[in-house]
Amino acid sequence: MFDIKIFDGMKTEEKYNMMLSMLKSIIEDESDVITNISNATALINAIIGRINWCGFYFIRNGELVLGPFQGMPACTRIKIGNGVCGTAVRERKVMRIDNVHNFKGHIACDAASNSELVIPIIKNGKVYGVLDIDSEEAARFTELEQTYAEKSIELLSKYIDWEKLSQ
Ligand code: SME
């Protein structure tokens with residue numbers, strides 16, 4: 001059972017640390033990659049808050065293909081180098097965009113999104129995809145959200161065989 005009320009009254013960083021412990025306990029005894037990524041998406045979406053989209057794209061046959069997510073239906077394929085997600089992959093770096101409307105080439109999926117955080121998934125030097133989080137609020141994502149989104153990917157990388165999701 002998952003009860004979001006346990007987070008009531010917690011400070012943001014405390015909540016995010018709890019998110020990491022819950023993430024570990026959700027995935028450590030489950031081997032199915034789709035199951036684990038789906039639960040990770042739901043957990044991150046529930047805990048980070050004030051976001052309207054949270055999900056994964058995985059590199060399949062040389063382009064990013066939509067994976068498990070929470071939010072409105074989204075564009076299914078993104079070329080490497082395109083949009084915020086494709087740029088994160090090409091440059092192998094986190095993209096924390098305060099105002100997506102100022103990002104040249106931004107791909108609008110949910111028209112309501114105004115800021116975006118994209119974490120590339122890199123293991124042993126290979127890029128497998130991205131975690132993408134959008135918010136209706138401008139500049140929603142601070143260094144704190146970036147740090148914990150990166151920690152979430154680091155944790156997932158210990159348990160998930162990304163090769164099974166990427167080709
Ligand atoms: N905005 C992203 C596209 C994915 S959606 O936000 C879900 C981009 O520019 O790559």
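Hi everyone, this is a short walk through the fold of one protein chain, starting with its sheet and then turning to its helices. Please keep in mind that we are looking at a predicted model.

Let's begin with the sheet. It is open and has 6 strands, in the order 3-2-1-6-5-4, and the pairing is antiparallel. Which strands stand at the edges? Those are strand 3, residues 77–79, and strand 4, residues 95–97; each has a single partner strand, so one side of each is left without a neighbour in the sheet. As for twist, neighbouring strands are turned by 20 degrees against each other on average, ignoring direction. And a quick reminder for anyone new to this: strands of a sheet pair through backbone hydrogen bonds, either parallel or antiparallel.

Now let's follow the chain through part of that sheet. Strand 1 covers residues 53–60 and strand 2 covers residues 63–71; the two run antiparallel and are joined by 7 bridges. If you'd like a pair to find on the screen, look for Trp53, which stands opposite Gly71 in strand 2. Between these two strands the hairpin has 2 residues, and Asn61 there takes a positive phi near 50 degrees.

Going on from strand 2, another hairpin leads through 5 residues to strand 3. Here the strands are again antiparallel, with 3 bridges between strand 2 and strand 3. One pair to look for is Leu64 with its bridge partner Ile78 in strand 3.

How many disulfides are there? The count is 1. Cys75 and Cys109 form it, with their sulfur atoms 2.5 Å apart. This pair links distant parts of the chain, 34 residues apart: Cys75 sits in the loop between strand 2 and strand 3, while Cys109 belongs to the loop between strand 4 and strand 5.

On to the helices, and first to helix 1 and helix 2. Helix 1 is residues 12–27 and helix 2 is residues 33–48; their axes come within 10 Å and cross at roughly 165 degrees. That makes the two helices roughly antiparallel. The crossing is right-handed. On the helix 1 side, the residues that meet helix 2 include Met19, Met22 and Leu23, and on the helix 2 side they include Ala40, Leu43 and Ile44. What classes of residue make up this contact? There are 11 nonpolar residues, 2 polar and 1 charged.

Helix 1 has another partner, helix 4. Their axes also come within 10 Å, but this time they cross at roughly 15 degrees. Helix 1 and helix 4 are therefore roughly parallel to each other. This crossing is right-handed too. Among the residues in the contact are Tyr16, Leu20 and Lys24 of helix 1, along with Tyr148, Lys151 and Leu155 of helix 4. By class, the contact has 10 nonpolar, 3 polar and 4 charged residues. Tyr16, Met19, Leu23 and Ile27 of helix 1 appear in both contacts, with helix 2 and with helix 4.

To put the pieces together, let me leave you with the helix order: helix 2 meets helix 1, and helix 1 in turn makes contact with helix 4. Thanks for listening!

Notes:
Residues numbered from 1 in each chain as written. Predicted model: local features only at pLDDT ≥ 70, side-chain atom pairs only at ≥ 80, totals over all residues. Heavy atoms only, no water. Pairing = 2+ DSSP bridges. Helix = DSSP H or I, 4+ residues; strand = E, 2+ residues; numbered from the N terminus. Axes fitted to C-alpha atoms, helices over the stretch in contact; angles between N-to-C directions. Parallel < 35°, antiparallel > 145°, perpendicular 65-115°, else oblique. Left-handed = near helix turned anticlockwise from the far one by under 90°. Contact = heavy atoms within 4.5 Å. Nonpolar A, V, L, I, M, F, W, Y, C, P; charged D, E, K, R; others polar. Disulfide = S-S within 2.5 Å.
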